[in-house]
Amino acid sequence: MLKAEKATVNWDPAKKEWHVRVQIGEEVIKRPLSKTPRDASEDVLRSQAVETALDEGYEVDAAQVVIQR
């Protein structure tokens with residue numbers, strides 16, 4: 001499994017949902033977290049970012065996930 005450089009989770013006010021952005025070199029994978037509430041804890045957001053990366057075939061360290069509120 002390939003290791004992702006970093007993952008970022010941010011709130012999109014226009015779509016009113018969280019988005020995960022996983023970066024692997026020049027490649028970027030963006031996925032929505034549609035069912036995650038706006039007030040979700042950082043632990044929940046981190047675990048969902050890690051899970052999203054795994055679903056795409058990449059490994060990301062939860063400590064490297066950046067949450068932007």
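Which residue in strand 3 is the bridge partner of Val9? The partner is Val20, and the close-up views below set this pair in its surroundings in a predicted model.

**View 1. The pairing of strand 2 with strand 3.** Strand 2, residues 6-12, and strand 3, residues 17-24, run antiparallel and are joined over 7 bridges. Within this pairing, Val9 is matched with Val20 of strand 3, and Lys6 stands opposite Gln23. The two strands form a hairpin with 4 residues between them. In the turn of this hairpin, Lys16 has a positive phi of about 55°. Of the 7 residues in strand 2, 5 are buried, and the strand is accordingly described as mostly covered.

**View 2. The pairing of strand 2 with strand 6.** Strand 2 also pairs with strand 6, residues 65-68, in the parallel sense and over 4 bridges. Thr8 has Val66 of strand 6 as its bridge partner. Strand 2 thus takes part in an antiparallel pairing with strand 3 and in a parallel pairing with strand 6.

**View 3. Strand 3 and its hairpin with strand 4.** Strand 3 is largely enclosed by the rest of the structure, because 7 of its 8 residues are buried. Strand 3 pairs with strand 4 in the antiparallel sense over 7 bridges. Trp18 is matched with Leu33 of strand 4 as its bridge partner. This hairpin has 2 residues between its strands, and Gly25 in the turn has a positive phi of about 60°.

**View 4. The largest nonpolar core.** This core has 19 residues, and Val9, Val22 and Val65 are those with the most contacts inside it. At least two residues of the core come from each of strand 2, strand 3, strand 4 (27-33), helix 1 (42-55) and strand 6. When neighbours within four places in sequence are left aside, Val22 is in contact with Ala4, Lys6, Ala7, Glu27, Val28, Ile29 and Ala53.

**View 5. The salt bridge between Glu56 and Arg31.** The whole structure contains 2 salt bridges according to the search. In one of them, the side chains of Glu56 and Arg31 meet at 3.0 Å, N to O. Glu56 lies in the loop between helix 1 and strand 5 (58-59), whereas Arg31 belongs to strand 4, so the pair ties together parts that are 25 residues apart in sequence. Glu56 counts as partly exposed at 31% relative accessibility, and Arg31 counts as partly exposed at 34%. Side chains of opposite charge can pair when their charged atoms come close.

**View 6. The salt bridge between Arg46 and Glu42.** Here the side chains of Arg46 and Glu42 meet at 3.3 Å, N to O. Both residues lie in helix 1, 4 residues apart, which is about one turn of the helix. Arg46 has a relative accessible area of 23% and is therefore partly exposed. Glu42 is likewise partly exposed, with a relative accessible area of 38%.

Note on methods: Residues are numbered from 1 along each chain as its sequence is written. This is a predicted model: local features need pLDDT of at least 70, side-chain atom pairs count only at pLDDT 80 or more; totals for chains, interfaces and linings use all residues. Side-chain values use heavy atoms; hydrogens and water are left out. Buried means under 20% relative accessible area, exposed over 50%, partly exposed in between (1.4 Å probe, protein chains only). Two strands pair if DSSP finds at least two bridges between them. A nonpolar core is a set of buried Ala, Val, Leu, Ile, Met, Phe, Trp, Tyr and Cys residues joined through side-chain atoms within 4.5 Å. Contact means heavy atoms within 4.5 Å. A salt bridge is a side-chain nitrogen of Lys or Arg within 4 Å of a carboxyl oxygen of Asp or Glu.
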